[in-house]
Structures are given as C-alpha cells and as structure tokens.
Amino acid sequence: GLLGTALDLTRFANVFLDDGVAADGRRVLSRGAVALMTTNQTGDLPGGFPGFLEWPEGTWGLGWEVKGGKRGHWTGDFTSADTFCHAGQAGALVRGGPANGIAYAVLANRHNSTP
C-alpha cells in the first residue's frame, strides 16, 4: 500500500497531471508511462468491484482507475471522462482531473465496504 499525508498523495497525483514531472522539476515518469497509466487499457470489458460497485464499462489504466463513461462514479457526475483515481481499502481516495488540472486526496477511517 501507499502511505502518506493528504498533501503527499496529492503531490503524487500531480505528477500524472504534469506529464510525469515532480513539483521540484525532476522527471520521474515518461510521458508514455503517464499515458498508459491514466488512459483506458481494458477496452470494453465490464468491471469494478464485485459485490460493491460494478459498471458495464470497467475502464482502468495501468494502476489508476479511469472514469470513462461510468455513471454513479465516486468522483461525481461533473468530473470529465479522463479523471483518474484510486480508492484505498480504508476509505481514502486520490483523484486527478486532467481537464481542470486539479488533484486531491481524501483520507478517512471507514472501510470501503461499510454502507
């Protein structure tokens, strides 16, 4: 797992918004790696989290979930299809929005499967 503060996790997501460049100007990922990680790599396969959340289109990049055309998505109805995110088991969420350049992290202490 990835551990850090909300600021650390937001900085991490910002690397993907800045074409693989960290806040200090160092390149940490190639542009190609960023593209593969933040765009759909699953085609038209259904997917999600069995028994919890499932979509007819289960778009995922390499590591990040990509919103794509999902309805009822946890990043909200007004986020763009290129929004990428990752939810942690303990209720955390890290999100990046290339369309608006915004990244954020939410840390919680509630297990994701808790209604």
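This report walks through the core, a set of paired strands and the salt bridges of a predicted model.

**The nonpolar core**

Let's start on the inside. The largest nonpolar core of this structure has twelve residues. They are Leu9, Ala13, Val15, Phe16, Leu17, Ala22, Val34, Trp64, Phe84, Val94, Ala103 and Ala105. Which elements supply at least two residues each? They are helix α1, spanning 6–17, and strand β6, spanning 102–106. Helix α1 gives the most, with five residues.

Val15 is one of the core residues, and you can look up its surroundings in the model. Setting aside neighbours within four places in sequence, Val15 is in contact with Gly20, Val21, Ala22, Val28 and Leu29. Of these partners, Ala22 also appears in the list of core residues.

**Strand β5 and its partners**

Next, find strand β5, residues 93–97. Five of its five residues are buried, so the strand is largely enclosed by the rest of the structure. Leu93, Arg95 and Gly97 point one way from β5, while Val94 and Gly96 point the other way. Both groups are buried.

Strand β5 has a partner in β4, residues 84–87; the two run antiparallel and are joined by four bridges. Here Cys85 stands opposite Arg95 of β5. The two strands form a hairpin with five residues between them, and Gly91 in the turn has a positive phi of about 100 degrees.

Strand β5 also pairs with β6, again in the antiparallel sense, over five bridges. In this pair, Gly97 is opposite Ile102 of β6. These strands form a hairpin too, with four residues between them, and Gly101 in its turn has a positive phi of about 70 degrees.

**Salt bridges**

Side chains of opposite charge can pair when their charged atoms come close. How many salt bridges are there in this model? The count comes to three, and the table shows them.

| Residue pair | Closest N to O |
|---|---|
| Arg11 and Asp8 | 3.9 Å |
| Asp24 and Arg26 | 2.7 Å |
| Lys70 and Glu65 | 2.8 Å |

Arg11 and Asp8 both sit in helix α1, three residues apart, which is about one turn of the helix. Arg11 counts as partly exposed because its relative accessibility is 48%, and Asp8 is partly exposed as well, at 36%.

Are Asp24 and Arg26 buried or exposed? Asp24 is exposed, and so is Arg26.

Lys70 and Glu65 are buried: Lys70 has a relative accessibility of 4%, and Glu65 has a relative accessible area of 1%. Both values fall under the 20% cut-off for buried residues.

Conventions
Residues are numbered from 1 along each chain as its sequence is written. This is a predicted model: local features need pLDDT of at least 70, side-chain atom pairs count only at pLDDT 80 or more; totals for chains, interfaces and linings use all residues. Side-chain values use heavy atoms; hydrogens and water are left out. A nonpolar core is a set of buried Ala, Val, Leu, Ile, Met, Phe, Trp, Tyr and Cys residues joined through side-chain atoms within 4.5 Å. Buried means under 20% relative accessible area, exposed over 50%, partly exposed in between (1.4 Å probe, protein chains only). Contact means heavy atoms within 4.5 Å. Two strands pair if DSSP finds at least two bridges between them. A salt bridge is a side-chain nitrogen of Lys or Arg within 4 Å of a carboxyl oxygen of Asp or Glu.
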